[in-house]
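Me: I am new to this structure and would appreciate a close look at a single part of it, namely the aromatic rings and what lies against them. Please describe them in one connected account.

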Amino acid sequence: MNKLMLVVASVVSVSGCGGGSTSDNSDVDLDISPNFSVDNGSSHTLQSTVLYVDRQAIRTIHPGTFAHAVSYADYDRDGDIDVFISSGDGSENETPAELYLNDGSGNFTLDANFFNGSPPGLVHPRKSLTGDFNSDGIMDAFVIGHGYDQPPFPGEAPYVMLSTGSGFILGSGLEGYVGFQHGGASADIDADGDIDIFVADTAESFFLLNDGLGNFTKDTSRLEGVNESPLYTAELVDVDSDGYVDLLVAGQEPDGFSSKVLWGDRTGFYSVSKSTELPAVANNGTVIDIDVSDIDRDGDKDVVLNRTGDGVGSLEAYQGYYIQIIENSGNREFLDITAQNLAAGSSTSESWFDWIRLWDVNEDGHVDIVVDDAARDLVWYNDGGGTFQKSDY
């Protein structure tokens, strides 16, 4: 096996009132160009990288803090993929973010000059989205968090780190968007040439529409039926390959909201009335991450969900992990094939993990399932037909 690198302008105002009806926007047309691909530049596309690191092993400051919000990009533009980490310590204090620069040989060095030595941070960061949000050709990072994880759960606002010719600056205008935000995704949902963001909130999820310069305006009018649902995670991918980006959302299924694909169309609006439910899993009803790829090479994009115990059935909350394989059978229909296609698909003894990556680890032409932290050493290898076998990396 070929082992890869392992290492120890003005903003248009949009209504913020939730529950917008798609019928009111039937005359809107995204006017998609035949040369336009909605998946280009999305956070889902950009999360794919050959870099596979032990997050804690490369770190030289803030020992013992958790590191869920991780982005991979060539931040210093030297041709190597670097690692951005926003961590937390479980307290009510913010932890400054870290940028580790890659020397091209698998050695990472903390950039002491990052943000002139005073980088931003969050109390409890959960996810970092890679994207060129200010359209200058250099990767930025958008960081989502939920704040102190104890009553009264005050929440916190996300932040965006924007590139300049001489480093990074903190974007403005997001300070008021405080919430208990677990996840999100980014893509050009309105086909205007810039990358927009979806923020998954347990109280009110929303879009942030980009003006192309990294200035964002909150928009809940593009969502119907999910605004006030308890969402934990989301992804933006053109699942049915019709040229429009689809919104995949999931969270705590026992709370009454099933995991779904909300189908994108010419309007650029999303509704549960234009959605397909994904199969549920008893006891493992908490969905932490979503990934999409053609795992069986039949031309359809399949869905993989990273689940854990929901605290309602026989498993305690966040106990164990469960990888669910959902086959896209065409015509916007899905089938749970976990039992027959994934050996050791669930575990109640090992701890849960945050992000998965669908990636051809051993370069045999088949997409594997990788836990995005080399410290976990968890990979499920694809035999080429969409059947997976757990193995050490």
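Reply: The charged end of Arg-357 is placed over the ring of Trp-359, at 4.9 Å from the ring centre. A further case involves Lys-218, whose charged end sits over the ring of Phe-206, 4.7 Å from its centre. These positions, like everything that follows, are taken from a predicted model.

Rings also meet other rings: the structure contains 17 aromatic pairs. One of them joins Tyr-75 and Phe-168, whose ring centres are 5.9 Å apart; their planes stand at 70°, over the 60 degrees required, and the pair is therefore edge-to-face. Tyr-75 belongs to the loop between strand 1 (66-73) and strand 2 (82-88), while Phe-168 belongs to strand 10 (residues 167-170), so this contact ties together parts that are 93 residues apart in sequence. Both Tyr-75 and Phe-168 are buried. Tyr-75 and Phe-168 also take part in a cluster, in which ring pairs link them with Phe-84, Phe-114 and Phe-115.

Another aromatic pair is formed by Tyr-321 and Trp-380; it is edge-to-face, with 5.9 Å from centre to centre and 80° between the planes. Here Tyr-321 lies in strand 23 (residues 321-330) and Trp-380 in strand 28 (residues 379-382), so the pair ties together parts that are 59 residues apart in sequence. Tyr-321 and Trp-380 are both buried.

Terms used
Residues numbered from 1 in each chain as written. Predicted model: local features only at pLDDT ≥ 70, side-chain atom pairs only at ≥ 80, totals over all residues. Heavy atoms only, no water. Phe/Tyr/Trp six-rings, centres within 6.5 Å; stacked < 30°, edge-to-face > 60°. Helix = DSSP H or I, 4+ residues; strand = E, 2+ residues; numbered from the N terminus. Buried < 20%, exposed > 50% of the residue type's maximum accessible area, 1.4 Å probe, protein only. Lys NZ or Arg CZ within 6 Å of the ring centre and 35° of its normal.
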